[in-house]
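Good morning, and thank you for making time on the agenda. I should like to take you through one structure, beginning with the overall picture and ending with a single pair of side chains.

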Amino acid sequence: MADYKRILVALDLSEESSQVLDKAGEMAKAFGAELCLTHVIEPLTFAYGGDIPMDLSEVQEQLQTQAKEQLRKAGEKLGVAEDRQRVVLGQPATEIHRLADELGSDLIIMGSHGRHGLALLLGSTANGVLHGAGCDVLAVRVHSD
């Protein structure tokens, strides 16, 4: 079994994120590993293709501020210092790969909803991360309570 020392935890900040955090805490404790938390926000211009004739920068800033606060709270639960918490803007799989490489992570932990049908055909962030990662990826199957 691999000996993990640096674990990147990618969170979508949904209600199910606590399940991913619990697993990350267990893994960090088992291996004596350092955790880094991240949340990736897709730019609103990606979602709307620039078709909306308005400035979305203020909304984007509010999303980032809210995400930083939620990530801070998640970090408190596991004792992850704020300098090990990153909210980044971009395409999720690409940014998770970039950050894992930058941090020298040997494991990425993230949630997976286990979708089927059309959602499976279209792909998911977990699938995108898995197929391009330079390290191990643990996809935690999350359940809605």
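**Surface, fold and one aromatic pair**

The accessible surface of the protein chain amounts to about 8,700 Å², and carbon and sulfur atoms account for 50% of that area. Please bear in mind throughout that this is a predicted model.

As to burial, 40% of the 145 residues in the protein chain count as buried.

Let me turn to the fold. The protein chain contains six helices and five strands. Read from the N terminus, their order is β-α-β-α-α-β-α-β-α-α-β. How much of the contact network joins residues at least 24 apart in sequence? Taking the contacts in the protein chain between residues at least 6 apart, the share is 76%.

I come now to the side chains. How many aromatic pairs does a search of the whole structure find? The search returns one. The partners are tyrosine 4 and phenylalanine 31, arranged edge-to-face, with 5.1 Å from centre to centre and 80° between the planes. Tyrosine 4 sits in the segment before β1 (6-10), while phenylalanine 31 belongs to helix α1 (residues 17-31); the pair therefore ties together parts that lie 27 residues apart in sequence.

Are the two partners buried or exposed? Tyrosine 4 has a relative accessible area of 11%, which is under the 20% limit, so tyrosine 4 counts as buried. Phenylalanine 31, with a relative accessible area of 15%, is buried by that criterion as well.

With that, I conclude and welcome discussion.

Technical notes
Residues are numbered from 1 along each chain as its sequence is written. This is a predicted model: local features need pLDDT of at least 70, side-chain atom pairs count only at pLDDT 80 or more; totals for chains, interfaces and linings use all residues. Side-chain values use heavy atoms; hydrogens and water are left out. Rings of Phe, Tyr and Trp (its six-membered ring) pair if their centres lie within 6.5 Å; planes under 30 degrees apart count as stacked, over 60 as edge-to-face and the rest as tilted. Helices (H or I, at least four residues) and strands (E, at least two) are DSSP runs, numbered from the N terminus. Buried means under 20% relative accessible area, exposed over 50%, partly exposed in between (1.4 Å probe, protein chains only). Contact means heavy atoms within 4.5 Å. Accessible areas come from the Shrake-Rupley method with a 1.4 Å probe; for residues, only the protein chains shown count as cover.
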